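Reader: Could you walk me through how the labels on this model follow from the numbers? I would like to see the reasoning behind each one.

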Amino acid sequence: MKVENIGLGLNLAKKFISLQEGGAGLSHMRFIQDSTTGLLPKAIFARSKADLVENSFLELAESALVYYGPGLIGEGIFRKIYSKNLPNNLKNKIATPAVDLLKNKSVDNKKILPIKAAIALSSLSIPLVEYSLNYIKNLLTLKMFKQGDFNDIAKLDKNKAVNTKKNADVEKSAKKHIIASSAIFAACLGASALLYKKGENSKALQNFSEFILAPGNKLKNQKLKDFANKYFSIDYANNNNKLTMSKGQLTSCVTIGALGYFGAAKDRGKQNFLEVLYRMPIVGFYIICGNELLEKGFKKMLVKTGKCKETIGKNFEVPALKDLGALAEKLQKEKGGNYNDIYKKLLKQKTLISGVPLLFGIGVMGFFVAAVSRYFTQYRYDKDKKNNNEGKQNSNFFINNDTPEIFNSFS
């Protein structure tokens, strides 16, 4: 049935949900959504031009890497390279997750699993580039603003002179870590080539393939098995027979990227490291599983209060936007009423279920975390400076107050 006159607000909500749920614009939508959530608060709370430029670079580059990298690198490049010699019936199974393939001990697995592992290893370029981006950001700030000390970049002390030695140390460390991550990627490419060439006939390489694609399969406890396969497998997920980033790959991006965050921050000083130490665990947890837990908890709360019972199923599943029309027809036949009104009610419920977690992400994980982290960075710096000044004054007092001349000369 055709829906009429649902109003401007619901029409906009419908278009937004449509972009969120798939189609050609899914990557574009998520790129815009996550970039806005991460970048907008940091731009508003930027402490200097250098702070604004480097955060803009990092947020946009990371979002592009996560939402376009898997399709470009995994699907567009390495799948074509490594699966070109497979028969057509096996080529179509490349996107099938390894945990599903391993449920049946098929002879085809000997051919498919090493190829899938080779693609997954090659695609470790995504988290390794994520790691390097933090050091590239440091070099960018040095090049554009001649600043390597975070205290200068964040304008924590507006009268502080530029630390040229610090700048040189930051540059040296950044180049060293970028070269190291490039070497690790070269090793991954070498291992992926070995899997491609020898994987089918090597039991050791078969076991290695299974380990990186389905690490939980060796565990006996089913919950631990499912957890490990979900969050630690570097296998791709399947989206309409196309390779797309899995939860495990997202975990690798966050954890490997976090090492880059901490290392690059440590190079630029204590306050940068402490700011990242406060922010990164919260944001990282939210990216990996916090958003999922939030959505599930919100659905449970709605069910408990008797809200959205038409759209939330027994296992807390929510129908896709394209299925709302069929659900509205079904409810009309069961309970009667106007189809248009039923559809509008379902769309409002779906908008609520999708909208609240999104607003939480923007408001709490975006603005609140950005504002609080910046406040406490300035607070810590001012406190340290005050303590250092008091320490110097006390030292001068004990040295100069009624102290024999020989000790004054020595000091």
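Author: Gladly! A residue is called buried when its relative accessible area is under 20%. Please keep in mind that this is a predicted model.

Reader: Then why does Tyr236 count as buried?

Author: Its relative accessibility is 3%, and the cut-off is under 20%, so Tyr236 counts as buried. Tyr236 sits in the loop between α11 (222-231) and β1 (237-239).

Reader: What does Tyr236 touch?

Author: Leaving out residues up to four places away in sequence, the contacts of Tyr236 include Pro70, Ile73, Pro97, Ile119, Ile126, Leu243 and Met245.

Reader: What makes the link between Tyr236 and Ser123 a polar contact?

Author: A polar contact needs N or O atoms within 3.5 Å, one able to donate a hydrogen and the other to accept it. The side chains of Tyr236 and Ser123 are joined at 2.6 Å, so the distance satisfies the cut-off. The side chain of Tyr236 also reaches the backbone nitrogen of Gly74, at 3.4 Å.

Reader: How do you know that Cys253 is in no disulfide?

Author: A disulfide takes two cysteine sulfur atoms within 2.5 Å. The closest cysteine sulfur to that of Cys253 belongs to Cys188 and is 13 Å away, so the pair is too far apart for a bond. Cys289 is in no disulfide either: its nearest cysteine sulfur, that of Cys253, is 15 Å away. The count by this rule is 0 disulfides.

Reader: Are Cys253 and Cys289 buried or exposed?

Author: Cys253 has a relative accessible area of 2%, so it is buried. For Cys289 the value is 14%, which means that this residue is buried as well.

Reader: How do you know that the span of helix α9 agrees with expectation?

Author: At 1.5 Å a residue, the 35 residues of α9 (164-198) should span 51 Å, and the end C-alpha atoms are 51 Å apart, so the two agree. At the start of α9, a side-chain oxygen of Asn163 comes to within 3.3 Å of the backbone nitrogen of Lys165.

Reader: Which elements do the buried residues of α9 pack against?

Author: They pack against α3 (49-82), α6 (109-122), α7, α10 (203-213) and α12 (247-267). Among the buried residues of α9 are Val170, Ala174, His177 and Cys188.

Reader: And where is the kink in α7 centred?

Author: The kink in α7 is centred on Leu133 and comes to about 30°. Helix α7 (125-145) reaches 29 Å from its first C-alpha to its last, close to the 30 Å expected. Just after α7, Lys146 takes a positive phi of about 55°.

Key:
Residues numbered from 1 in each chain as written. Predicted model: local features only at pLDDT ≥ 70, side-chain atom pairs only at ≥ 80, totals over all residues. Heavy atoms only, no water. Buried < 20%, exposed > 50% of the residue type's maximum accessible area, 1.4 Å probe, protein only. Helix = DSSP H or I, 4+ residues; strand = E, 2+ residues; numbered from the N terminus. Expected span 1.5 Å × (residues − 1). Bend = angle between axes of the 7 residues up to and from the residue. Contact = heavy atoms within 4.5 Å.
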